[in-house]
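This report covers a metal site and a pocket. The sequence and structure come first.

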Amino acid sequence: MRLNSPQINLIIKACMKASRSVIRDFGEIENLQVSSKGPGDFVTSADKRTEKILIEELQKAHPEYGIITEETGIINKSNTKNRWIIDPIDGTFNFMNGIPQFAISIGYEEDNEIKCGVIFNPISNEMFCAEKGNGAYLNNTRIRVSKQKIISDAIVVTGGPKGASKIKDKIFSEYINVSKSVANVRKFGSAALDIAYVACGRFDGYWQRELSYWDIAAGIILVKEAGGFVDFFEEEKNLPLKKNILVTNSLIHEELRGLINK
Ligand code: IPD
Ligand code: CA
Ligand code: CA
């Protein structure tokens, strides 16, 4: 693997360390403490424990870096030049229900651009990594987006709406529009893995509204480095940490975007 920045090495090391506790917690989900953050939105003791390990590991090397995390919030707010963007467990609902479709997701941002990132499913032992200019990898193998050009043959993935969403009808009508024009739509419950699967060609595209930056930060660089296209739609309505994202193999991009905007 040709990825060699100090930051990607730090992220990989932190993920490996945190994954041991994630695997242990996944094996004992009946003992997890679960609390509610809102309708259909939960946080478990595993999310908090994982995040703590990741923060500690990354801070050992760079105590001065900014950090944006799902569970703790913002650390070192004044450092906006170098930031880690952390989702300790993306796919908590799957995790809590014993479904092995979740991942640790960490992106590294410099001067407002994601430079590298890792999405790691510790159960399948699939580690997706990418670094600007040096490609995207699944474990040690270079990955590329799919070559699918025909929208009616495409397999795409989406997520949401969240329990608290105020635009559920809009999201469902988009789902119907897209479903009528593609071969298949999937909904797997981990935005980070959905994007990683576009990067390695398992899916031809992915879209979702109302995401948070930590859901997608690592995925952004992964798809770009795998030859795909990343687009934020209706961007003017997005807060800095809230995103509507469309990622594709680039070949079906315009058509999929058209179906979403219909
Ligand atoms: C969630 C997952 C899910 C997506 C939700 C996210 P979490 O993240 O990525 O696929 O549909 O919008 O909030 O809460 O499991 O980290
Ligand atoms: Ca998430
Ligand atoms: Ca999470």
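Is Asp87 buried or exposed? Asp87 is buried, with a relative accessible area of 0%; buried means under 20% relative accessible area and exposed over 50%, with partly exposed in between (1.4 Å probe, protein chains only).

## Basis

This is a predicted model, in which local features need pLDDT of at least 70 and side-chain atom pairs count only at pLDDT 80 or more, while totals for chains, interfaces and linings use all residues. Residues are numbered from 1 along each chain as its sequence is written, chains are lettered from A and ligands numbered from 1 in the order in which they are written, and side-chain values use heavy atoms, leaving out hydrogens and water.

## Calcium site

Asp87 (OD), Asp90 (OD) and Asp215 (OD) are the protein donors of the calcium ion (ligand 2), at 2.1 to 2.2 Å from it. Donors are N, O and S atoms within 2.8 Å of the metal (3.2 Å for Na, K and Ca); water is not among the atoms, so sites may look incomplete. Along the chain, the donors of ligand 2 have the spacing D-x2-D-x124-D.

Asp87 also bridges ligand 2 and the calcium ion (ligand 3), which lie 3.7 Å apart. Asp90 counts as buried, at 5% relative accessibility.

## Largest pocket

The lining of the largest pocket divides into 10 nonpolar, 13 polar and 13 charged residues. Here Ala, Val, Leu, Ile, Met, Phe, Trp, Tyr, Cys and Pro count as nonpolar, Asp, Glu, Lys and Arg as charged, and the others, Gly among them, as polar. A pocket is an open set of points on a 1 Å grid over the protein atoms alone, where a 1.4 Å probe fits, with protein on both sides within 12 Å along at least five of seven lines; lining residues have an atom within 4 Å of a point.
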